[in-house]
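Biologist: Please put the model on screen, and let us go through its metal site and its empty spaces.

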Amino acid sequence: MTTPYPPIFDGHNDTLMVLYENDPERGPLFFQRGQKGHLDLPRAREGGLAGGLFAVFVDNPPEDGNYGDRRRETGDGYEVALPPAIGYERAISTTLAQIAILLRLERLSEGQVKVARSAAEIEACLAAGVFAAVLHLEGAEAIDPGLDALDVLYQAGLRSVGPVWSRPNIFGHGVPFKFPTSPDIGPGLTEAGKALVKACNRLGILVDLAHLNEKGFWDVAALSDAPLVATHTAANALCRSARNLTDRQIETIAESGGVIGISFFVADLRPDSRYDLETPLSLIADHARYIADRVGVDHVALGSDFNGARVPQDLGDASGLPRLLDALRAAGFDEDELRQVAYQNWLRVLRATWRG
Ligand code: ZN
């Protein structure tokens, strides 16, 4: 007898960016089983991935150099210089193009994909086997200082905003890619950033703490009336990447009733932060176990970073997710806890944040 696997709802993927950059028709490749990357509809179905947050990410122009150019070894670790801020013109045009891809996917899918705007809609999708995509901005560069775009994008389906990706913008300063260190690097939110958090609370939009530095984190924690959420991150106690949360941050998220999506990015999982794809899946389970033991399983979820980061080769792509659920079982999560981590914790927090 085989134990059935619960459906998985995931906190972060960069599929829209990949389709924007690589699909000549900007969208339809999502329906074909690909060899590259991690996520398309066929591989989601194979792995039991029922939906997740779909990030809009606006990359810097090529003249700003690439990650490799900016990375520097520091003896005991590394440091990556952040790319410069991007202009509003580039941000808004790329953002509209990526949102259009998601809306087009929904239309072309003949009922197989839905852009979910409420927790009730996600639940209905899970029950009906429809893939549920939630629209997220990873970095709010497409939002103007007067926040007009926020209202417009909300109507287009936007339900989650990370005020900053790691590079700076008018809302705040992100956390750089650096190891080994705490996330306490640089200043926090600007006044515009604080206004953005309040506006998100008012509209019922999730504020994502992933990619904020520690000061920005505390700024959001002091202001927000919603559960605190970091969509794709891990525990700084196990891997001292600046992107990872300290114990005090983990405790504060738990006290707010929020959730932490564990990232599958190997450099944020490994104690040595190496880009080693031979990283065992048990390391994702270790971070889940650490957070569950510290603050309770209610606050543990998944945040794959599929199509945006390098993940363990034992997982491969979305079709390998049952092997991750097995690794979580091996780390001591029982079947009730596994359902919580797989999708129920996300649903609880989204329902509270979106008020329905
Ligand atoms: Zn990210």
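The questions below deal with the metal site, then the cavities and pockets.

Biologist: Which residues coordinate the zinc ion?
Modeller: This is a predicted model. The donor atoms are an OE of one residue and NE2 of two others, at 2.1 to 2.2 Å. In sequence the donor residues are spaced E-x72-H-x20-H. The zinc ion is coordinated by E138, H211 and H232.

Biologist: Is E138 buried or exposed?
Modeller: E138 lies in strand β6 (residues 131–138), and H232, 94 residues apart from E138, in strand β10 (residues 229–233). Buried means under 20% relative accessible area. E138 has 5% relative accessibility, so E138 counts as buried.

Biologist: What volume does the largest cavity have?
Modeller: The count comes to 3 cavities of 30 Å³ or more. The largest cavity is lined by 13 residues, and the zinc ligand H211 is among those nearest its centre. The lining has 8 nonpolar, 4 polar and 1 charged residues. The volume of the largest cavity is about 60 Å³.

Biologist: Which residues are closest to the centre of the largest pocket?
Modeller: The largest pocket holds about 850 Å³ of space. Its lining of 34 residues divides into 14 nonpolar, 9 polar and 11 charged. The closest to the centre are M17, F57, Y67, W165 and G308.

Biologist: What gives the most to the lining of the second largest pocket?
Modeller: The second largest pocket has about 250 Å³ of space. Of its 16 lining residues, V18, L19, L29, K36 and R43 are closest to its centre. With 4 residues, the element that gives the most is α1.

Definitions and conventions. Residues are numbered from 1 along each chain as its sequence is written. This is a predicted model: local features need pLDDT of at least 70, side-chain atom pairs count only at pLDDT 80 or more; totals for chains, interfaces and linings use all residues. Side-chain values use heavy atoms; hydrogens and water are left out. Donors are N, O and S atoms within 2.8 Å of the metal (3.2 Å for Na, K and Ca); water is not among the atoms, so sites may look incomplete. Helices (H or I, at least four residues) and strands (E, at least two) are DSSP runs, numbered from the N terminus. Buried means under 20% relative accessible area, exposed over 50%, partly exposed in between (1.4 Å probe, protein chains only). On a 1 Å grid over the protein atoms alone, a cavity is a set of points where a 1.4 Å probe fits but cannot get out, and a pocket is an open set with protein on both sides within 12 Å along at least five of seven lines; lining residues have an atom within 4 Å of a point. Grid points are joined across faces, edges and corners, and a volume is the space filled by probe spheres set on the points. Ala, Val, Leu, Ile, Met, Phe, Trp, Tyr, Cys and Pro count as nonpolar, Asp, Glu, Lys and Arg as charged, and the others, Gly among them, as polar.
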